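Hello,

Here is the structure I said I would pass on. My notes follow below it.

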Amino acid sequence: MEAFDLYMIFLFSIIVIAYISHSPLFKLKSSKLEEITQKGLIHYTTKENAERIINDGFLKGQKSDLIGPERFLGNLVWTYQYEDEFSVSERAEYLSTRNKAKKNKENFKVCLKLSGFTENDLKKLRTRKGVIRDNAVVYYGSKLQPQKIEIINL
């Protein structure tokens, strides 16, 4: 093989790894599910969406607008594990600096804390591993309906 061919194979491999590592394909360990059951999840959104979510009592899953495997996973709700109030604002600041979020900083103005999940909800949670280590917890489905939704001030 020529050097150019090896370079193209290497480049293609890096792109594939990046796409796969961004996709939430991995089931959560039982210890992580137990922590989520005890502490809950958080979801960042706009003020308008927060009001709608609280009134409706659920979060609506959406198809990814990114190119790659994520697009084919169906409807998803992106959340993060709740740790404490300090980590909520720290994570919002981190997420709002990422490329896609820089254009939509309004999406990080309100944080919702979600708790009270059914066993079926917990089975539909996934995470991603690899390059991106933001500990996203993603719900596979069109409607995540926790028993309790509350606003956490940022």
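A residue is called buried under 20% relative accessible area, exposed over 50%, and partly exposed in between. Please keep in mind that this is a predicted model.

By that rule aspartate 84 is partly exposed, because its relative accessible area is 36%. Aspartate 84 sits in the loop that links β4 (76–81) to α4 (85–96). Together with Glu85, Glu90 and Glu93, Asp84 forms a negative surface patch.

Next, the salt bridges. The count comes to 3.

- Arginine 91 pairs with glutamate 83, and their closest N and O atoms are 3.4 Å apart. The two ends differ in cover: arginine 91 is buried, at 13% relative accessible area, whereas glutamate 83 is partly exposed, at 40%.
- Aspartate 56 pairs with arginine 52, with 3.7 Å between the closest N and O atoms. Both belong to helix α3 (residues 47–56), and because they are 4 residues apart there, about one helical turn separates them. Aspartate 56 is partly exposed at 37% relative accessibility, and arginine 52 is partly exposed at 33%.
- Glutamate 150 and lysine 148 meet through their side chains at 3.8 Å, N to O. Glutamate 150 has a relative accessible area of 29% and so is partly exposed; lysine 148, with 46%, is partly exposed as well.

Now the strands around β7. How many bridges join β4 and β7, and in which sense do they pair? The pairing is antiparallel and runs over 5 bridges. Within it, tyrosine 80 stands opposite alanine 136 of β7.

Strand β6 (residues 125–127) also pairs with β7 in the antiparallel sense, over 3 bridges. There, valine 138 in β7 is the bridge partner of arginine 126.

β7 therefore has antiparallel pairings with β4 and with β6. As for its cover, 4 of the 5 residues of β7 (residues 136–140) are buried, which means that the strand is largely enclosed by the rest of the structure.

If you open the model, two places to look at are the loop between β4 and α4, where aspartate 84 lies, and strand β7 with its bridge partners, including alanine 136 opposite tyrosine 80.

Regards

How values were computed: Residues numbered from 1 in each chain as written. Predicted model: local features only at pLDDT ≥ 70, side-chain atom pairs only at ≥ 80, totals over all residues. Heavy atoms only, no water. Patch = residues over 30% accessible without salt bridge, like charges linked within 9 Å, V, L, I, M, F, W, Y side chains within 5 Å. Areas by Shrake-Rupley, 256 points an atom, 1.4 Å probe, with all protein chains shown as cover. Salt bridge = Lys/Arg side-chain N within 4 Å of Asp/Glu carboxyl O. Lys, Arg positive; Asp, Glu negative; His and termini not counted. Charge placed at Lys NZ, Arg CZ, Asp CG, Glu CD. Buried < 20%, exposed > 50% of the residue type's maximum accessible area, 1.4 Å probe, protein only. Pairing = 2+ DSSP bridges.
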